[in-house]
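Student: I am new to this structure. Could you walk me through it and show how each label is earned?
Tutor: Gladly, let us look at it together.

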Amino acid sequence: MPNLAKLAGVNPIIISTPTLYEWAGGEEAIQKLFRIFYDKVLKDELIGPVFRNMSPDHPRHVGHFVAEVFGGPKKYTGEDGGSHAVMIGHHIGKMRIELPVAPKRFGSVAVAFVL
């Protein structure tokens, strides 16, 4: 099939679909999201203790991970040296707590977390 745009002597318009990373607002927006999220998490009396000892860099690393999964730059696997195996290794055995949650709040879901 002939290239009609070329035959007509015009440059075709290329329309690209933005990535989720672009739709989300890029690096700055994603990093802001996770800074605010973890600030709120740390202040929460129920789940705050789970995150109390996290690295100050944790929100940035999570932002890099999500940005990369959403089609952004490969900062998590590049700059941070991350991978799924590395992430699991960082989280396994970090904390085990019994959450003070009334059973009616979560039904039959176990309230013990092993991170």
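**How the labels are earned**

Tutor: Let us start with E27, which counts as buried because its relative accessibility is 18%, where buried means under 20% relative accessible area, exposed over 50% and partly exposed in between, with a 1.4 Å probe and protein chains only. Please keep in mind that this is a predicted model, in which local features need pLDDT of at least 70 and side-chain atom pairs count only at pLDDT 80 or more, while totals for chains, interfaces and linings use all residues. Residues are numbered from 1 along each chain as its sequence is written, and side-chain values use heavy atoms, with hydrogens and water left out.

Student: Where does E27 lie, and which residues does E27 touch?
Tutor: E27 lies in helix α3; helices are DSSP runs (H or I, at least four residues), as are strands (E, at least two), numbered from the N terminus. Leaving aside residues up to four places away in sequence, E27 touches Y21, H64, A67, P73 and K75. Contact here means heavy atoms within 4.5 Å.

Student: What makes E27 and K75 a salt bridge?
Tutor: The rule asks for a side-chain nitrogen of Lys or Arg within 4 Å of a carboxyl oxygen of Asp or Glu. The closest N and O atoms of E27 and K75 are 3.9 Å apart, so the pair meets the rule. This pair links distant parts of the chain, with E27 in helix α3 and K75 in the loop between α5 and α6 (84-91), 48 residues apart.

Student: Why is K75 called partly exposed?
Tutor: K75 has a relative accessible area of 23%, so K75 falls between the two cut-offs.

Student: How many salt bridges are there by this rule?
Tutor: The count comes to three. One of them joins the side chains of R60 and D57, at 3.9 Å from N to O. D80 also forms a salt bridge with R60, with the closest N and O atoms 3.6 Å apart. The D80 and R60 pair links distant parts of the chain: D80 is in the loop between α5 and α6, R60 in helix α5, 20 residues apart. D57, R60 and D80 are thus linked in a network of salt bridges.

Student: How do you know that the span of α3 agrees with what a helix should have?
Tutor: The expected span is 1.5 Å times one less than the number of residues. For the 18 residues of α3 (residues 26-43) that gives 26 Å, and the end C-alpha atoms are 26 Å apart, so the two agree.

Student: Which residues of α3 are buried, and why are they said to line one face?
Tutor: The buried ones are G26, E27, I30, Q31, F34, Y38 and V41. Seen down the axis of α3, they fall within an arc of 140°, so they line one face of the helix; the arc is that of the directions from the helix axis to the C-beta atoms. The face turned away from the buried side of α3 carries the exposed residues E28, K40 and K43.

Student: What do the buried residues of α3 pack against?
Tutor: They pack against α2 (20-23), α4 (48-51) and α5 (58-69).
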